[in-house]
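Colleague: I'm new to reading models like this one. Please show it to me, and then let me ask how you know what you know.

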Amino acid sequence: MGDSLHLSVADLAALAFFLIVWVAHTLASDGKLVRRVSLTTAMNAQREAWMRNMAEREIRIVDTAIMGGLQQGTAFFASSSLIALGGCFALLGASDRVLQVLADLPFGEASSREAFQTKVFGLVVILAFAFFKFGWAYRLFNYCSILIGAVPTPHGPASRNPVSETAVWRATRMNVLAGKHFNSGLRAVFFSIGYLGWFVDPIVFVVSTLVLLAVLVRRQFFSAARQAVLGQSSGPGKN
């Protein structure tokens, strides 16, 4: 298989390591691999709290404004993914020039044109995956807006009204799903940065993947943002 793709054994091993790290981080962030609460899991609880508070409000201008902001952010990343995809195809047209630049790098490894194009195609797949995730998240946020509008006007606590409770559950579930797909797209964008190390050398690819993993793990499990969501205090100057 490596010969047909013009990739070395080291290239395939580095790619396998990259994919394993990606899958493991995804499972850990979703609370399926480790017991420690991640920032993503903590925010899902806040999404449910938001929907329940929304059900208590007769005027939901603030909720629609928040949904609009979420949709705009998702649309921005979807457009950025398309622009990056266009850049990848431009990269294919300048393969010889890029290979010359990479060969001059201190840690650069001589690579064939076919191997380089295979790696670019892999980057295209990652960015296309991100685009489809963002596109689906945008649509789910749109559905969530509709479900918010379908929540009955409160006449007392929503928890005492079975109809409102069901409507709140639907809106919450849709909001969590939209956030999950948005996070998947954003994660793909992050990992595409680590993927760039492969264009230099398989060892650099492994190192860039580990550095990226360290950054993402810190943000998900040890950041001040996570502590803020969980109501924990953090030391001065931490983020």
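Colleague: Which helix gives the most to the lining of the largest pocket?

Modeller: Helix α2, with five residues. This is a predicted model, where local features need pLDDT of at least 70 and side-chain atom pairs 80 or more, while totals for chains, interfaces and linings use all residues. Residues are numbered from 1 along each chain, and side-chain values use heavy atoms, without hydrogens or water.

Colleague: What makes something a helix or a lining residue here?

Modeller: A helix is a DSSP run of H or I of at least four residues, numbered from the N terminus. A pocket is an open set of points on a 1 Å grid over the protein atoms alone, where a 1.4 Å probe fits, with protein on both sides within 12 Å along at least five of seven lines; lining residues have an atom within 4 Å of a point. α2 (39-55), α6 (162-195) and α7 (202-221) each supply at least two lining residues. The largest pocket holds about 400 Å³, taken as the space filled by probe spheres set on the points. Among its 15 lining residues, L39, T40, N183, L186 and Q220 are closest to the centre.

Colleague: Why are α3 and α5 called roughly antiparallel?

Modeller: Helix α3 (residues 61-93) and helix α5 (residues 113-150) pack at about 165°, their axes 9 Å apart. Axes are lines fitted to C-alpha atoms over the stretch in contact, and angles between N-to-C directions run from 0 to 180 degrees. Angles over 145 degrees count as roughly antiparallel, so α3 and α5 earn that name.

Technical notes: Angles under 35 degrees count as roughly parallel, over 145 as roughly antiparallel, 65 to 115 as roughly perpendicular and the rest as oblique.
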